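The following paragraphs lead through the structure shown below, beginning with one helix and its surroundings and then turning to the ligand, the core and the chain as a whole.

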Amino acid sequence: MENSLKKVVMISGANRGIGRVIAEKLSEDGYRLSLGIRNPCELPDSLSSIPEKQLLCHAYDAKRKDNAETWIEATIEYYGRIDVLVNNAGILHTVGLEDDAEDLLDEMWEVNAKAPLRLTRLAFPYLRKSGSGRIIDIISMSGKRVKGNWVGYSMSKYAALAVSHTARLQGWNDGIRVTAICPGYVKSDMTVRNAPNIEQGDMSRPQDIARVVSTLLLLPNESSVPEVMINCVFETH
Ligand SMILES: NC(=O)c1ccc[n+]([C@@H]2O[C@H](COP(=O)([O-])OP(=O)(O)OC[C@H]3O[C@@H](n4cnc5c(N)ncnc54)[C@H](OP(=O)(O)O)[C@@H]3O)[C@@H](O)[C@H]2O)c1
């Protein structure tokens, strides 16, 4: 897909972590951005300094169906098109196999699995119109294999991977190409909180993920990459 100032990219959870760095990189690449974040007033300087014609920031709480609808509508009203959807917003609660924590399971299901499906569904008609629509789903290695005892997070990410592959099949004939990015540990607040025993310096960097996203968006319809696994430690299975 040709990089051009005209292309419009929606990114969920772009205020910090991986989403923020993807937004910074794609803005540098010249894309027009529509950022869905819970508190649009709390945009970091690196993003709020983007020129107005290249930036829309809209309220988006992944747990609210109406927010998904209004964010999509606002994007169309502002730019008249959607070319790329980056499903990035996500949460990790360390619910293990023997924990009785159904509220936390439900929340991960809402944010990590149902919300990307909802955005995909709502963006699909516009991605079809684009002729070279793209969806980038930030999944996880936890959606590819099970290690340890984060059963709730893994369940939600396996489900998100199913959404990603379904979108890949359903969009193919209309030029929509879908990639699931599956990193291991990435330096971010999420891993500071939940993986304190692993050095942040030993993890992949959000910049690495952003570079992969940027490259994927340059590929034409004829070179689609369904999944990218990114290992920061040696993976035996
Ligand atoms: N870090 C890793 O090791 C790693 C590895 C593989 C995959 N991932 C995935 O990568 C994505 C980004 O993770 P990260 O490491 O950047 O995590 P992070 O630093 O904790 O950032 C999470 C982002 O998601 C947003 N978010 C959370 N709940 C939301 C909700 N209900 N509605 C809208 N936005 C919400 C957060 O917004 P607020 O600021 O409002 O909370 C924040 O922007 C997630 O899908 C995660 O599962 C992360």
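The buried residues of α5 pack against three elements, namely α4 (102-130), β5 (134-138) and β6 (177-183). Here a residue counts as buried if 20 or more other C-beta atoms lie within 10 Å of its own, as exposed if 12 or fewer do, and as partly exposed in between, with C-beta atoms placed from the backbone. Helices (H or I, at least four residues) and strands (E, at least two) are DSSP runs, numbered from the N terminus. The model is a predicted one, in which local features need pLDDT of at least 70 and side-chain atom pairs count only at pLDDT 80 or more, while totals for chains, interfaces and linings use all residues. Residues are numbered from 1 along each chain as its sequence is written.

Helix α5 itself covers residues 151-171. Its 21 residues reach 30 Å from the first C-alpha to the last, close to the 30 Å expected at 1.5 Å a residue; the expected span is 1.5 Å times one less than the number of residues. The buried positions of α5 are Gly152, Tyr153, Ser154, Ser156, Lys157, Ala160, Leu161, Val163, Ser164 and Ala167. One of them, alanine 167, lies 8.8 Å from phenylalanine 124, C-alpha to C-alpha, although 43 residues separate the two in sequence. Phenylalanine 124 belongs to helix α4 and counts as partly exposed because it has 19 C-beta neighbours inside 10 Å.

Helix α4 also holds alanine 115, which is buried because 27 other C-beta atoms lie within 10 Å. Leaving out residues up to four places away in sequence, alanine 115 touches Ala62, Ala68, Ala89 and Glu110, where contact requires C-beta atoms, placed from the backbone, within 7 Å. The C-alpha atoms of alanine 115 and arginine 64 are separated by 8.4 Å, with their positions 51 residues apart along the chain.

Ala62 leads on to the ligand, as it is among the closest residues there, together with Gly13, Gly17, Gly90 and Ser188. In total, 27 residues surround the ligand, a residue being near a molecule if its C-beta atom, placed from the backbone, lies within 6 Å of it. Two elements, α1 (17-28) and α6 (189-194), give two or more residues to this shell. By type, the shell comprises 12 nonpolar, 10 polar and 5 charged residues; Ala, Val, Leu, Ile, Met, Phe, Trp, Tyr, Cys and Pro count as nonpolar, Asp, Glu, Lys and Arg as charged, and the others, Gly among them, as polar.

Helix α1 includes serine 27, a residue that counts as buried because it has 20 C-beta neighbours inside 10 Å. Beyond four places in sequence, serine 27 touches Leu33, Ile50 and Gln54. The C-alpha atoms of serine 27 and glutamine 54 are 7.7 Å apart, for a separation of 27 residues along the chain. By contrast, glutamate 42, in the loop between β2 (32-37) and α2 (45-48), is exposed because 11 other C-beta atoms lie within 10 Å.

The interior can be followed through the largest nonpolar core, which has 60 residues. Such a core is a set of buried Ala, Val, Leu, Ile, Met, Phe, Trp, Tyr and Cys residues joined through C-beta atoms within 7 Å. Val9, Ile11, Ile22, Leu85 and Val86 touch the most other members, and α4 supplies the largest share, 8 residues. Apart from neighbours within four places in sequence, valine 86 is in contact with Val9, Met10, Ile11, Ser12, Ile22, Ile136 and Val213.

How many helices and strands does the protein chain contain? There are 7 helices and 7 strands, in the order β-α-β-α-β-α-β-α-β-α-β-α-α-β from the N terminus on. Of the 237 residues, 43% count as buried. Among contacts with a separation of 6 or more, 68% join residues 24 or more positions apart. The C-alpha trace spans about 50 × 40 × 35 Å along its principal axes. The radius of gyration of the protein chain is 17 Å, which agrees with a compact globule, because a globule of 237 residues would have a value near 18 Å; the radius is taken over C-alpha atoms, and the globule rule is 2.2 Å times the number of residues to the power 0.38.

Methods. Contact = placed C-beta atoms within 7 Å.
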